[in-house]
Amino acid sequence: MSQLLNHRSLFCIAIFLLFIISINNAGAVVSVGYTGNLGTYNCDGVNDEVQIQQALNTANSGADKTVYLKGPHTYWIDGPLTMYSGTKLTGDSSAEIKLVANAAWARSFLKGSSYYTYPIIRNANTNTAGSAGWEIYGF
């Protein structure tokens, strides 16, 4: 009988811990890192906008909605990033985002009868999104 109670106690503790872990991870900051300083998503210096966008998408579905770029590192992007309402892109002051030469965001696209240029960072909707703690070079 006491073994059964011990198994039930261990089972209840395990369920409780899984519940606590899932609550903590639901609102966790999503980090972007690189070799030597790994994050939730990791960049290799080529098309880093892919991993940064994945992190932004993940953060958008979480409670915290923060993406943190780890430094010291230069993140090279070749296309636009889409921010979401309430999403914050921040990071170490030694984290840099630089544009590759002839980045795709600078190319025009046709919409109706007008040509538009992709912005480097665009909003998925009309509400505000923010960034802090780092700089964008290459303008």
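**Exercise 1. Find what share of the contacts in this predicted model joins residues 24 or more positions apart, counting contacts with a separation of 6 or more.**

Solution. Take the contacts in the protein chain with a separation of 6 or more. Residues 24 or more positions apart account for 60% of them. Next, list the elements. The chain has 2 helices and 12 strands. From the N terminus, their order is α-β-β-α-β-β-β-β-β-β-β-β-β-β. Then turn to the surface. The chain has 139 residues, and 29% of them count as buried. About 8,600 Å² is exposed, with carbon and sulfur atoms supplying 57% of that area.

**Exercise 2. Decide whether β1 is enclosed or open, and name its partners.**

Solution. Step one: count buried residues, using the cut-off of under 20% relative accessible area. In β1, 5 of the 5 residues are buried, so the strand is largely enclosed by the rest of the structure.

Step two: sort the directions. In a regular strand, side chains alternate between the two faces of the sheet. V30, V32 and Y34 point one way from β1. S31 and G33 point the other way. Residues on both sides are buried.

Step three: find the partners. β1 pairs with β3 in the parallel sense, over 3 bridges. Here S31 stands opposite Y68 of β3. β1 also runs parallel to β2, again joined by 3 bridges. In that pair, G33 stands opposite N42 of β2.

**Exercise 3. Check the length of α2, then list its buried residues and what covers them.**

Solution. Start with the length. α2 has 12 residues, and at 1.5 Å a residue it should span 16 Å. Its end C-alpha atoms are 16 Å apart, so the model agrees with the expected span.

Now the burial. The buried residues of α2 are E49, Q51, I52, Q53, A55, L56 and A59. Their cover includes β1 (30-34), β2, β3, β4, β5 (81-83) and β6 (88-91).

**Exercise 4. Identify the residues of the largest nonpolar core that touch the most other members, and the elements that build this core.**

Solution. The core holds 20 residues. Those touching the most other members are V32, I52, L56, V67, L69 and Y75. Two or more residues each come from β1, α2, β3, β4, β5 and β7 (95-99). The largest share, 4 residues, comes from α2.

Follow Y75 as a worked case. Leave out residues up to four places away in sequence. Among its contacts are V32, I52 and L69. Y75 also touches A95, E96, I97 and K98. Other contacts include G33, Y34, C43 and D48.

**Exercise 5. Locate the backbone features in three loops: a cis peptide bond and two positive phi values.**

Solution. First, the cis bond. It joins G71 and P72, with omega about -5°. P72 lies in the loop between β3 (66-69) and β4 (73-77).

Second, N47. Its phi is positive, about 50°, although N47 is not a glycine. N47 sits in the loop between β2 (41-43) and α2 (49-60). Is N47 buried or partly exposed? Its relative accessible area is 35%, so N47 is partly exposed.

Third, K65. This non-glycine residue also has a positive phi, near 60°. K65 is in the loop between α2 and β3. Its relative accessible area is 23%, so K65 counts as partly exposed.

Terms used
Residues numbered from 1 in each chain as written. Predicted model: local features only at pLDDT ≥ 70, side-chain atom pairs only at ≥ 80, totals over all residues. Heavy atoms only, no water. Buried < 20%, exposed > 50% of the residue type's maximum accessible area, 1.4 Å probe, protein only. Expected span 1.5 Å × (residues − 1). Contact = heavy atoms within 4.5 Å. Areas by Shrake-Rupley, 256 points an atom, 1.4 Å probe, with all protein chains shown as cover. Core = buried A, V, L, I, M, F, W, Y, C linked by side-chain atoms within 4.5 Å. Pairing = 2+ DSSP bridges.
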